[in-house]
Every structure is written in structure tokens, then in C-alpha cells.
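I opened the notebook today to look up how the inside of this protein is put together. Here is the model I worked from, followed by my entries.

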Amino acid sequence: MSPRLSVVLLALTLAACGSSDPEGPGPTPDSGTVDAGTGDAGVPDAGEPDAGIVDAGTDAGTLDAGVPDAGPVDAGPPLAIPNALSGFELFTGSPADGGLIPVEGNVPYTLSTPLFSDYAVKSRTLYIPPGKTAHYQPKDALDLPVGTLITKTFAFPADLRKPDQDVRVIETRVLVRQPSGWEAWPYVWNTEQTEATLATGGRVRDVTFIDSEGETRSFRYAVPSKNQCQQCHHLVDDKGEQVMHPIGVKARYLHRTNTYGGVERDQLEYLASLGKLDGLPAQAELPKAPDAFDPQSANLDTRARTYLDINCAHCHNPKGTAGITSQLFLNFDNTSLFSLGECKRPGSAGAGVGGEFDIVPGNHAESILWYRLHTEESGKMMPQIGRTIHHAEGAQLIADWIDSMPPKTCK
């Protein structure tokens, strides 16, 4: 693997786009359309089925602010989806030549607390077409216009202690805002690291790296299929229909600084300065999520709730399928302790999931919530997809949070 791959991490993670021109040469996909992908059952082609158990409950919980309308919003044909990632024209170069640099108008961004994905190093970009603008939302994802493209690239360094050296890029996922709503398209990078091609049926890749403790970790990394992407990105709208939506592009996670053209800028204010975001309130009124693993950024309760919000609440909220069936709401603005899981029995968790209640205050070892985050056993771990190995730091954060609660005997 060429050491020049480190440039990819520096270019994307540090967001050194070097320009503030919002009207750069945006994506003009090639004319080749892709396979329909509708026959895929949501299982990676290596034959490893997606499994998981969703618990059930009866309490009502607290409703969130609602789901943005993902239906048709303007006329025009849908964007043609290219068979190769390069067809979007969102980047120059490739990991093989030290490239994969976002073009002007394709804005790199980071999140204050990112979702965990098997310790993958992730880089993100947001492309809003010329002449169009996103609208600020205080709780939900930004209201993004038709033609918006969101990319997330997943890579693994050989050694997590040297995250910008000897990096292998695995996949790039693209969320596309079509006139009919959002679509998710997974692209897998070839061995030569020269191109990523569409993989609607998903893929499985062998990954080996040295972790932060110096131990070698090897596992099979699953690139989700197009259908599997829907499991995390779907909410139920006011009509009872499932609609796809973005997860990370919420103001509270974007309200942080990044480097643009060598200058530190707040990401939300930078988008506004490009004319790509309107309705932005004053700086003091912007919601801000902390870094869940920085004790200086917030108290333990806020950091743990933030971790659950970004990692779990896209499903476990009053509009998510898992939330509706389980009545376990892990969204940050939920104020009901019972629907958060305190002394709450799941209805269909089955045996061997760590306990009888979702959260036993003061005792993480008997709490199902912690067990599901900690275990790597298929059918019991959460999230159901998106990880193969457990997040040691995340599981410890939730254990510390539960143990800090005033002890209570659940009945």
C-alpha cells in the first residue's frame, strides 16, 4: 500500500479544500445508468446474513420535532447514478495517487461526535448544487435541496496509533437527494485504490489493523447493500410511510470548526457564507453537541446521551422503526426516563442479553442497553448492522454513565 494514501486522510479529515467558491464544477454523472438493485435482499454477497432482535415495549415516550418531508419538492428528471464514483466528479485523483481531493463546491465537514463503524476513519463531504440553498433546522437534519450529494468515505490505517499512514480505503457511500426523496448508493474501492464501483448488493472485505493498545485486530468488514442502508436511514412520516433521510448533517454536530483554505471556520457559518445555508440563527443560539469522549467538553450525562443520539437514535426514536416497536427512545431530546430505558422491560429481547431491563440504574452489568453495545454476538449486538467489532470506548462510556446513576431496584 502506497504511503501516499495518507494524503487522503489529511485532505478530507482536515478539510483542506483550499477554496471558498461554491459554484465549482459540480458533479455531472456519466450517462450510464446502474442496475436496478431491487432484487437484493439486504445481505452482503459473501453470504453473511444481517441479524438482530428488536425489543418491544408499551410506553408512549416523547415525540421529537418530526420528520422533514422527503417527498417530491421540485420538477426535473432524477440524477443519473454512475457505475463508478468518479462519474459524480466530486473528487480529483484517487487514493492510489494521493488524491481523492474534493472539488470546489464539494465541502468537507466533520462531526463533533461521529457514529462508530468498526474503528474506520471516515471523511465526509457535502455538495449543494449551484443556485440552491439548504435551510437550517434546529433539531433535524438540514433541509437539503434536490441535487444535494453527501459522501462518506471509510478507510483503515494499518495502525490506529498512526491514523494518517498506510491507509486502505474500503468504500464511499453517496446519499443523493432526488426529486422523489433520498437514495443511498454504496461504492467499493478496488485493490489498486484507483476507482470505486457501485455495489448495490454490498461486499465483505477482510480488514486487519493494530488497535490503540498495540494489539492486532482482524475481522470481516461488511459494506452494506443498498437495501441495508435503508435500515438506518428510514423514518416514518406523518402519513405512516417510511422515508429515507440523512443522519449526521444536524446543526448540533456540524456546529464546530474546520479548516477551509487554511483558515479555521465554524462549519455552519462557512456554509452560510457560501450562500449554501439560510435561516442560521446567531452563534449563541446554535445547538452544539460535545465530543462524547472529551471530559472537558460536557458532563458525563450529556456525553453519554450524545453518544446514544448519534449511534442509536436514528432508529430508536419515536419516528424510527426500532423506536416504534420497542418504545426505547435514545434521541437526545427525549426527557422520559422510562422510554430512555430506566427499569424498562423489553418485550421481545429473548434470553441471554445481559439482564431483564434496558437500564438498571447503578448497574451496567445487568443492563441490556450496555450488553447490546458491548457484545459482538450476531443477533444480540446493536446496532444490528454497521459494526462487526464492539466499540470499547463507547461501551465504557455507557457503562460509566449507567453506574453513575443513583442505584435503583427495578421491578
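Entry 1. I looked up what the buried side of α8 rests on, and in this predicted model its buried residues pack against α5 and α7. I listed those buried residues of α8 as Gly394, Ala395, Leu397, Ile398, Ala399, Trp401 and Ile402.

Entry 2. I checked the span of α8 next. The helix has 13 residues and runs 18 Å from first C-alpha to last, close to the 18 Å expected at 1.5 Å a residue.

Entry 3. Which residues have the most contacts inside the largest nonpolar core? I found Phe156, Tyr221, Leu308, Ile398 and Trp401, in a core of 36 residues. At least two residues each come from β6 (149-157), β10 (203-210), β11 (216-223), α5 (300-311), α7 (368-374) and α8 (392-404). The largest share belongs to α8, with six residues.

Entry 4. I then followed Leu308 outward. Setting aside residues up to four places away in sequence, Leu308 touches Ala313, Leu330, Leu369, Leu373, Ile398 and Trp401. Apart from the core in Entry 3 there is another one, of 28 residues, and Ala134, Ile150, Tyr260 and Leu271 are among them.

Entry 5. How confident is the predictor, on average, in this protein? I noted an average pLDDT of 81, with 77% of the residues scoring at least 70. Residues 1-73 are the stretch I flagged for myself: there the pLDDT is below 50. Beyond near neighbours in sequence, that stretch still has 221 contacts in the model.

Key:
Residues numbered from 1 in each chain as written. Predicted model: local features only at pLDDT ≥ 70, side-chain atom pairs only at ≥ 80, totals over all residues. Heavy atoms only, no water. Core = buried A, V, L, I, M, F, W, Y, C linked by side-chain atoms within 4.5 Å. Buried < 20%, exposed > 50% of the residue type's maximum accessible area, 1.4 Å probe, protein only. Helix = DSSP H or I, 4+ residues; strand = E, 2+ residues; numbered from the N terminus. Contact = heavy atoms within 4.5 Å. Expected span 1.5 Å × (residues − 1). pLDDT = per-residue confidence, 0-100.
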